[in-house]
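Let's work through a few exercises together. Have the structure open, try each task, and then follow the solution step by step.

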Amino acid sequence: MGYKFATKAIHAGQHADPTTGAVMTPIYQTSTYQQAAPGDHKGYEYSRGTNPTRKALEDCLAALENGTYGLAFSSGMAATETVLKLLKPGDEVITGDDLYGGSYRIFTNVFEHYGIKFHFVNTSDPERIAERISSATRLIWVETPTNPTLKLADIEAIGKVAKEAGVLFAVDNTFASPYLQNPLDLGADIVMHSVTKYIGGHSDVVMGALVVNDRELYDRLFFYYNACGGTPGPQDSFLVLRGIKTLHLRMRAHCENGRKVAEYLKNHPRVEKIYWPGFEDHPGHNIAKKQMRDFGGMVSIVLRGASLEDTFKVAASFKVFTLAESLGGVESLINHPATMTHGSIPREVREKVGVVDNLIRISVGVEDIEDLLADLEQALG
Ligand code: P1T
């Protein structure tokens, strides 16, 4: 579909229901489908593999990422797991040293047990990736911006490294959302999303997604999707389709509020360090400008001289921001990565990349900015 983003967000994959004319895609709450004779059906056999509500969502997700094939999963982790199932014992993966804690956990505590080796490097430097490539490398897995220190990876440059080496290249696009960044256009083979975040947008669904262009790759992923069954139900698919209709509006507001929160915090006496890719002195600023349409709604700060106890006190003192895991919903959230989202990463590993005890991650929502700034002022004060 040659439409622009907002039109795709509202319409892609969806059409009026042929039986009733319902404008919104119905929730096809069915596990199975009648067959006139064995194998004679309307394209749907069993809802683990295919369901019309989920299909509409998958087509919409594919369109938003300028991809051809979408697959929805019961969580972001189920989507990640499905990519890892393409690998075999002895295969190697090159990935980032700053990742969502659950991604680090599935790599080290699940798939390493199946004989897959993971190399954690600074993905802000494509050279660090290139020098790790060996004949056993099968996959490069990159988050950009990273969770939680918002490091940038140059997707186009890494895509070239991957292509030259004949290695699959997957980008976790959760923090940017398809509104801000489309990795397939820049040379990635697979885009992964925790749909739970900006795409769903309302903190009421846990879901994941993969989008690809290559038919053979899609078929391999679809095999595991159907064979292993980590697929979401129609009700959640409906909720996400509904959420996506305002993705562009929400993202503009997240970016606008994110900028104001970052600018407010930059010179705050309680803030020792701030991570937000929109600042010119952010080391990934030029990459962000090149590959993203704006800088997003995530901001992380290190509290000056704060102990773990001081940091907990600040984290618990917000009134508009809610202390909770997750991000990307319309409501503003505060997270303490070291003990919450990244608690499964050993201290010495996480501290090396800045996930220290006095780091706070902020998911800036779309509330009135004056109320958000006043809440930051009272909580930091
Ligand atoms: O939570 P789930 O939908 O399974 O997605 C996992 C995931 C994958 N990738 C990134 C970059 C993520 O941030 C997440 C989930 N993250 C959180 C819950 C969080 O608060 O960081």
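**Exercise 1.** What does the accessible surface of the chain come to, and what percentage of it belongs to carbon and sulfur atoms?

*Solution.* A word on the input: this is a predicted model, where local features need pLDDT of at least 70 and side-chain atom pairs count only at pLDDT 80 or more, while totals for chains, interfaces and linings use all residues. Residues are numbered from 1 along each chain as its sequence is written, and side-chain values use heavy atoms, with hydrogens and water left out.
- Step 1: compute accessible areas with the Shrake-Rupley method and a 1.4 Å probe; for residues, only the protein chains shown count as cover.
- Step 2: the surface comes to about 16200 Å², and 51% of that belongs to carbon and sulfur atoms.
- Step 3: turn to burial, where buried means under 20% relative accessible area, exposed over 50%, and partly exposed in between (1.4 Å probe, protein chains only). Buried residues account for 54% of the 381 residues.

**Exercise 2.** How many helices and strands does the chain have, and why can it be called as compact as a globular protein of its length?

*Solution.*
- Step 1: take helices (H or I, at least four residues) and strands (E, at least two) as DSSP runs, numbered from the N terminus. You should find 14 helices and 12 strands.
- Step 2: the radius of gyration is 21 Å, close to the 21 Å from the globule rule for 381 residues, so the chain is as compact as a globular protein of that length. Here the radius is taken over C-alpha atoms, and the rule is 2.2 Å times the number of residues to the power 0.38.
- Step 3: along the principal axes, the C-alpha atoms fill a box of roughly 70 × 50 × 35 Å.
- Step 4: define a contact as heavy atoms within 4.5 Å. Of the contacts between residues at least 6 apart in sequence, 73% join residues at least 24 apart.

**Exercise 3.** Which residues does Thr 80 touch, and what geometry do the rings of Phe 107 and Trp 141 have?

*Solution.*
- Step 1: locate Thr 80 in helix α3 (residues 76-84); its relative accessible area is 0%, so Thr 80 is buried.
- Step 2: leaving out residues up to four places away in sequence, Thr 80 touches Ile 106, Phe 107, Trp 141 and Met 192.
- Step 3: look for aromatic pairs, meaning rings of Phe, Tyr and Trp (its six-membered ring) with centres within 6.5 Å; planes under 30 degrees apart are stacked, over 60 edge-to-face, and the rest tilted. The structure holds 14 such pairs.
- Step 4: the centres of Phe 107 and Trp 141 are 6.1 Å apart and their planes stand at 85°, so this pair is edge-to-face. The pair links distant parts of the chain, with Phe 107 in helix α4 (residues 101-110) and Trp 141 in strand β4 (residues 137-143), 34 residues apart.
- Step 5: check burial again: Phe 107 has 0% relative accessible area and is buried, and Trp 141 is buried at 0% as well.

**Exercise 4.** Where are the cis peptide bonds from Thr 144 and from Asn 147, and what is the phi of Ser 177?

*Solution.*
- Step 1: recall the background: most residues other than glycine have a negative phi, and most peptide bonds are trans.
- Step 2: Thr 144 and Pro 145 are joined by a cis bond with omega about -10°, and Pro 145 lies in the loop between β4 and α6 (155-165).
- Step 3: the bond from Asn 147 to Pro 148 is cis too, with omega near 10°; Pro 148 lies in the loop between β4 and α6.
- Step 4: Ser 177, in helix α7 (residues 177-180), has a positive phi near 75°.
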